[in-house]
Amino acid sequence: MVLSELVRDSPRTQPLPLSVPRVKAPAGASGTSSPAAAAQPVAPTAPSTAADCGPVFASAGVAGHRVIGLLGAGGMGVVFRAIPPGGGPPVALKQIAGKQCDELRRKRFAREAAATAALRHPNVVRLLGFGETEDGGLYLVTELLEGEDLAARLRRGALPASEVARIGRGAASGLGAAHDAGIVHRDVKPSNVFLCGDGSIKILDFGLAISASDTRLTGKDTCVGTPAYMAFEQIRASRDEDARTDVWGLGATLYHAAAGRPPFGTESRAVTFARITRERPDPLPEDVPRWLADVLVQALRKDRAKRWQSMAEIGVALALGAES
Ligand SMILES: Nc1ncnc2c1ncn2[C@@H]1O[C@H](COP(=O)(O)OP(=O)(O)O)[C@@H](O)[C@H]1O
Ligand SMILES: [Mg+2]
């Protein structure tokens, strides 16, 4: 089954009303929280600041939801904190405005909804709804997570090995569930790993996910992701990403968490691509314990056959290392 069929068929997807009059913004609801994660995805591009989303945000209403804040803006769209139609606890509402909603984005967004709908796991954000907005755009509603994404956390510095292992195990568990369902995330990076206030870890953003039976969307789909965390085979546009591609993404993410910088530096996209293709990851700082360095190096092997072969494998390696 292709992911777009899953959107339609999944009993867990509860489409929300599509043509609901916009609700006036309450006084003061002008988006005070700053956008998270300065992600620099290869494609597609989207507004990255609250100001960029001006007209959308100013409307303060999307598909009957009352927008009360900005949670983030990444490669796909803008994510708002919003009150659902009829009231109740706030939710996270991700939106691509109609004018930005070309066919490729439309399909990607549908796949994101389908992949999220297909997964019900404690380490994966839960989908609540998906639909079309008044202006011909698309929106997706997920449970609102309180806390911060890992990219925001890492802007304050690296994390101790025990915390890196804990985050890695949670993320591996969520990604393992996706792989069991035949879904490869393809965009594992700090801004897509969420650290909840209660200590739990959630995987977000299946916007680039692909399932075993999906067709590749277009030629533009050959090289997608964020350079610093992209796997060797993604840089080579091999178009055969598998679970081990996410092992690399998780390795690069945890490397950044342990070292305070990604494994192949932060230079331009071209330099990063070249370094991923030809070089080994930069040496980890000396205070990173040997067991963690070994786990990370094995996640970042260019030859997929030499990497951890599954999320279960890397999860166990992190658990054993943290106990040692
Ligand atoms: N359910 C949520 N609860 C809280 N914050 C969220 C939620 N979903 C996304 N965010 C925030 O918004 C950011 C962008 O969301 P994401 O789904 O990754 O969009 P994009 O595809 O644009 O990268 C995330 O990095 C995170 O900080
Ligand atoms: Mg994201």
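This text goes through a sheet, a pair of packed helices and two single residues of a predicted model.

The sheet comes first. Strands of a sheet pair through backbone hydrogen bonds, and the pairing can be parallel or antiparallel. Here six strands make up an open sheet, and the pairing is antiparallel. Read across the sheet, the order of the strands is β1-β2-β3-β4-β6-β5. The edges are taken by β1 (61-62) and β5 (127-132). Each of these has a single partner strand, so one side of β1 and one side of β5 are left without a neighbour in the sheet.

At the edge formed by β1, the partner is β2, and two bridges join these antiparallel strands. In one of the pairs, G61 has R66 in β2 as its bridge partner. The hairpin of β1 and β2 has two residues between the strands, and A63 there takes a positive phi near 50 degrees.

Strand β2 covers residues 65-73 and is mostly covered, with seven of its nine residues buried. Strand β2 also pairs with β3 (residues 78-83), in the antiparallel sense and over six bridges. These two strands form a hairpin as well, with four residues between them. R66 appears again in this pairing, where R66 stands opposite I83 in β3. R66 therefore links to β1 through G61 and to β3 through I83, which fits the place of β2 between β1 and β3 in the strand order.

At the edge formed by β5, five bridges join β5 to strand β6 (residues 138-143), and the two run antiparallel. One bridge pair there consists of G129 and its partner V141 in β6. Helix α3 (residues 103-118) packs on the sheet, where α3 touches β4 (91-96), β5 and β6. The direction of α3 makes about 25 degrees with that of β6.

The next part concerns two helices. Two packed helices are described by the angle between their axes and the distance between the axes. For helix α5 (residues 161-180) and helix α7 (residues 243-259), the angle is about 160 degrees and the axes are 10 Å apart. Angles over 145 degrees count as roughly antiparallel, and α5 and α7 are therefore roughly antiparallel to each other. Their crossing is right-handed.

The contact is made from the α5 side by A161, V164, I167, G168, A171, A172, L175 and H179. On the α7 side, A243, D246, L250, L254, A257 and A258 take part. Of the residues in this contact, eleven are nonpolar, two are polar and one is charged.

Helix α7 also holds G249. Is G249 buried or exposed? G249 is buried, because 29 other C-beta atoms lie within 10 Å, and 20 or more count as buried. Leaving aside residues up to four places away in sequence, G249 touches V188, K189, Y229 and A231. A228 is 21 residues from G249 in sequence, and the two are 9.1 Å apart in space, C-alpha to C-alpha.

The last residue lies in a loop. Q309 is found between α9 (290-299) and α10 (311-323). Q309 has 14 other C-beta atoms within 10 Å and is therefore partly exposed. In sequence Q309 and Q298 are eleven residues apart, while in space they are 9.9 Å apart, C-alpha to C-alpha.

Key:
Residues numbered from 1 in each chain as written. Chains lettered and ligands numbered in written order. Predicted model: local features only at pLDDT ≥ 70, side-chain atom pairs only at ≥ 80, totals over all residues. Axes fitted to C-alpha atoms, helices over the stretch in contact; angles between N-to-C directions. Parallel < 35°, antiparallel > 145°, perpendicular 65-115°, else oblique. Left-handed = near helix turned anticlockwise from the far one by under 90°. Contact = placed C-beta atoms within 7 Å. Nonpolar A, V, L, I, M, F, W, Y, C, P; charged D, E, K, R; others polar. Buried ≥ 20, exposed ≤ 12 C-beta atoms within 10 Å, placed from the backbone. Pairing = 2+ DSSP bridges.
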